[in-house]
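Here is a set of questions and answers to work through with the sequence and the coordinates side by side.

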Amino acid sequence: MVTKLKTPTIPITEIEQSAFCQTDEKLTAKPLAEEFDAGVRWQKLPMQYMRMTPDELDQRIAAVRAKLGERVVLLGHHYQRDEIIRFADFRGDSFKLSQFAASQQNAEHIVFCGVHFMAETASILSGAHQRVILPNLTAGCSMADMAHIDDVMDCWDDLSNLFGGGDELTPITYMNSTAAIKALCGRNGGIVCTSSNAPATFDWAYEQGNRVLFLPDQHLGRNTGLKMGIGLDEMVVWNPFKVLGGNTEEQLSRAKLILWQGHCSVHTRFTVDQIEQAREKHPDVNVVVHPECTMEAVAAADMNGSTEYIIKVIEEAPAGSKWAVGTEISLVNRIAAENPDKTVFCLDPVVCPCSTMYRIHPAYLSWVLDGLDEGVTVNEIAVPDDVAEDARVALNRMLAVV
Ligand code: SF4
């Protein structure tokens, strides 16, 4: 047995998650020097960028962006601030952006306004002649940080010993994981999934074998399993700090789905109470949540799906309809602004952006674009060739399945 008792640790990104929570709904950027007071880790950058006002940064980014032209493509995840999204050539969820990254072969540089694992994925899927940039290196993801490759390898070794390899166990990793974990999946007959295509990748995985190890988000894994008709009694949770993940050999042998004990600190804030309160206040409201929410919140909602699904379902809804939404607040505010004929609000009354996405302040975007204009690549994200090669196998399986 490889796993042993370890001291549980909480990722720093999880501890910092509530740094930007507030009850004032305005999420407009301030000069970075003021935002540094939030008490999270920020990457240092030249002082001149710290003091610039949002308007000055806006003009500076627009000017350098125009100068760089098609040499640069800028990808923006839906959870980014408005001051960033307005400069994105493409915006989307992690699945859509991974497809864009794979198709943008002409640009010399891909500036990825999102979080670290997304930039890694773009680096893996882009051409060898391209360089990927993450404007702020402290923009990680607390969920991805809950699955360390060493712990995942221990888990994999134990499960392989128990089940004897072959078609007994297929690993699926959510896009929100490190390149090393994607590579482990690629090497071991596994696949990557996103919240847009999780059911299709489950179908694929159960065609390969009897049992799935799902990393690192237990909620997306559980919600998808339930959607596919897998019972809760056929699922176990793997706690990386306990021997055999806190399970007996018998429990593991009975399981069809083994869920890594990770979660999204943003989406697990949404509760059944909030849904009930929204319905009390607006009896005709539609409730839509992301599948990274708990199974209780998903069961209480009217519908659930990826960020792309949430955007589409509200866009296509009739004028006058009301929507209570359980996903990241920057996106909910944007959907509300882009659908003025509907009432759209966040289920959580506390305004709590994803603190790592929020760390892509316009000052960082300005800094890395100025660098490119001067011939300097700041904050390049590169993945070692051997890791990239194996991770690409799992990513390409995903792109082929959906
Ligand atoms: S919203 Fe959750 S899963 Fe997405 S980047 Fe933020 S912490 Fe990670």
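Two strands count as paired if DSSP finds at least two bridges between them. The model is a predicted one, and the questions start with its sheet.

Q: Which residue of β13 is the bridge partner of Ala324?
A: Strand β12 covers residues 322-326 and is joined to β13 by 4 bridges, with the two strands running parallel. The bridge partner that Ala324 has in β13 is Phe345.

Q: Which are the edge strands, each of which pairs on one side only?
A: The open sheet is formed by 4 strands with parallel pairing, in the order β11-β10-β12-β13. Pairing on one side only marks the edge strands, which are β11 (303-304) and β13 (343-346).

Q: Between which domains does the ligand lie?
A: The protein is divided into domain 1 (28-141 + 356-384), domain 2 (144-265 + 386-401) and domain 3 (267-346). Residues of the shell around the ligand come from both domain 1 and domain 2, so the ligand lies between domain 1 and domain 2.

Q: How many residues of the shell around the ligand are charged?
A: The ligand is surrounded by 13 residues, the closest being Cys141, Met143, Cys264, Val266 and Cys354. Divided by character, the shell holds 8 nonpolar and 4 polar residues, and the number of charged ones is 1.

Q: Which helix gives the most to the side of domain 1 that touches domain 2?
A: Although the C-alpha centres of domain 1 and domain 2 lie 30 Å apart, 13 residues of domain 1 are in contact with 16 residues of domain 2. On the side of domain 1 that touches domain 2, at least two residues each are supplied by α6 (94-103) and α7 (116-125). That side divides into 7 nonpolar, 4 polar and 2 charged residues. The helix that gives the most to this side, with 5 residues, is α7.

Q: Which helix gives the most residues to the largest nonpolar core?
A: The largest nonpolar core has 116 residues, of which Leu75, Phe112 and Val325 touch the most other members. The helix that gives the most to this core, with 7 residues covering part of 362-373, is α17.

Q: Which residues does Phe112 touch, not counting those up to four places away in sequence?
A: Phe112 is one of the residues that touch the most other members of the largest nonpolar core. With residues up to four places away in sequence left out, Phe112 touches Leu75, Met118, Ala119, Ala122, Val132, Ile133 and Leu134.

Key
Residues numbered from 1 in each chain as written. Predicted model: local features only at pLDDT ≥ 70, side-chain atom pairs only at ≥ 80, totals over all residues. Core = buried A, V, L, I, M, F, W, Y, C linked by C-beta atoms within 7 Å. Buried ≥ 20, exposed ≤ 12 C-beta atoms within 10 Å, placed from the backbone. Contact = placed C-beta atoms within 7 Å. Near = placed C-beta within 6 Å. Nonpolar A, V, L, I, M, F, W, Y, C, P; charged D, E, K, R; others polar. Domains from an automatic or database assignment.
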